[in-house]
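Work through the exercises below with the structure in view. Try each task before reading its solution.

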Amino acid sequence: RPCGRPPPAEPPAPPAGSGPGLARPGTKRLPRAIVVGVKKGGTRAVLEFIRVHPEVRALGTEPHFFDRNYHRGLEWYRSLMPRTFDSQITVEKTPSYFVTKEAPRRIFNMSRDTKLIVVVRNPVTRAISDYTQTLSKKPDIPTFEGLTFRNRSLGLVDTSWNAIRIGMYAVHLESWLQYFPLSQIHFVSGEKLITDPAGEMGKVQDFLGIKRVITDKHFYFNKTKGFPCLKKSESSGLPRCLGKSKGRTHVQIDPEVIEQLRDFYRPYNIKFYETVGQDFRWE
């Protein structure tokens with residue numbers, strides 16, 4: 001080789017499903033990380049915060065591929081993804097995956113290396129938030145108390161009601177641990193996401209193996225909404241707060257009902273803390 005010139009670099013092979021013309025502006029790739037849950041835990045905040053990072057591209061809508069649209073196939077799923085360069089990570093979020101029995105196996109079959117993010121929150125608060133959201137769309141639904149109990153005087157909680165069932169985190173986690181090691185699942189505290197967003201997002205960035213770019217300087221606390229907002233959004237460079245459906249004032253619930261629910265969730269919470277090696281202090 002004359003003058004010690006290095007050999008010409010081999011161009012990287014384009015991933016399956018991408019034509020030669022797609023390689024320049026980036027390529028649509030299957031996600032390397034998925035926010036799989038939980039509903040009303042703070043998943044939208046995590047997605048909006050992480051997509052500020054230059055090494056992350058996120059799908060803004062929930063594709064519901066691994067629960068509702070699996071029959072459409074992986075190429076359909078890939079076609080929804082944003083274009084990325086080799087140095088970037090594709091992320092999507094669909095919070096219902098966490099409680100979908102088939103989702104762990106389906107994601108594992110796509111890639112056993114997928115990183116999973118679960119945003120958890122005090123299950124009692126989460127259930128009330130879930131009910132509040134449903135009530136805003138269907139004002140004629142039964143009361144929270146009516147839906148919570150099969151028999152209130154006996155303290156029998158109705159675990160078939162989705163708002164209650166989702167918060168039984170230890171039960172759902174078992175399905176995921178059949179396919180993924182704990183080292184591939186990162187748990188975000190929904191409470192700390194409000195009180196210390198930079199700290200929680202720092203851990204998310206570490207988990208994804210990217211530099212800690214998102215720090216305190218990215219956030220300000222919005223007193224009206226009662227949670228942190230971004231000083232600059234990924235798309236416009238203007239302050240960005242989550243939409244009006246976030247931060248709704250919760251329905252007032254009888255304190256006795258809340259106490260009964262705390263008692264119901266306690267054993268599930270303790271098992272969850274022991275399994276993940278993290279105390280979320282919901283007691």
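Buried means under 20% relative accessible area, exposed means over 50%, and partly exposed lies in between. Keep in mind that this is a predicted model.

**Exercise 1.** Decide whether Phe65 is buried or exposed, then classify Trp76.

Solution. Start with Phe65. Its relative accessibility is 0%. The cut-off for buried is under 20%, so Phe65 counts as buried. Now take Trp76. Its relative accessibility is 25%. That value falls between the two cut-offs of 20% and 50%, so Trp76 counts as partly exposed.

**Exercise 2.** Describe how the rings of Phe65 and Trp76 are arranged, and place the two residues in the chain.

Solution. A pair of aromatic rings is described by the distance of the centres and the angle of the planes. A search of the whole structure gives 25 aromatic pairs. For Phe65 and Trp76, the ring centres are 6.1 Å apart and the planes meet at 35°. Stacked needs under 30 degrees and edge-to-face over 60, so this pair is tilted. Next, the location. Phe65 sits in the loop between β3 (56-58) and α2 (74-80), while Trp76 is in helix α2, so the pair ties together parts 11 residues apart in sequence. Both residues also belong to one aromatic cluster, together with Phe66, Tyr70, Tyr77 and Tyr97.

**Exercise 3.** Find the disulfide and locate its two ends.

Solution. A disulfide is a covalent bond between the sulfur atoms of two cysteines. The search of the whole structure finds 1 disulfide. Cys229 and Cys241 form it, with sulfur atoms 1.7 Å apart. The link is right-handed, with 80° about the S-S bond. Cys229 lies in strand β11 (residues 227-230), and Cys241 in the loop between β11 and α10 (255-276). The two are 12 residues apart. Cys229 and Cys241 are both buried.

**Exercise 4.** Where does Lys40 lie, and is Lys40 buried or exposed?

Solution. First, the record: an unreviewed UniProt entry annotates Lys40 as "active site". Next, the position: Lys40 is in the loop between β2 (33-37) and α1 (43-50). Last, the accessibility: Lys40 has a relative accessible area of 14%, so Lys40 is buried.

**Exercise 5.** State the volume of the second largest pocket and sort its lining by class.

Solution. The volume is about 210 Å³. The lining includes Leu30, Arg32, Met110, Asp113 and Lys115. By class, the lining has 6 nonpolar, 2 polar and 3 charged residues.

Notes
Residues numbered from 1 in each chain as written. Predicted model: local features only at pLDDT ≥ 70, side-chain atom pairs only at ≥ 80, totals over all residues. Heavy atoms only, no water. 1 Å grid on protein atoms, 1.4 Å probe; cavity = no way out; pocket = protein on both sides within 12 Å on 5 of 7 lines; lining within 4 Å. Points joined across faces, edges and corners; volume = space filled by probe spheres on them. Nonpolar A, V, L, I, M, F, W, Y, C, P; charged D, E, K, R; others polar. UniProt positions renumbered as here; feature names shortened; annotations may be inferred. Helix = DSSP H or I, 4+ residues; strand = E, 2+ residues; numbered from the N terminus. Buried < 20%, exposed > 50% of the residue type's maximum accessible area, 1.4 Å probe, protein only. Disulfide = S-S within 2.5 Å. Phe/Tyr/Trp six-rings, centres within 6.5 Å; stacked < 30°, edge-to-face > 60°.
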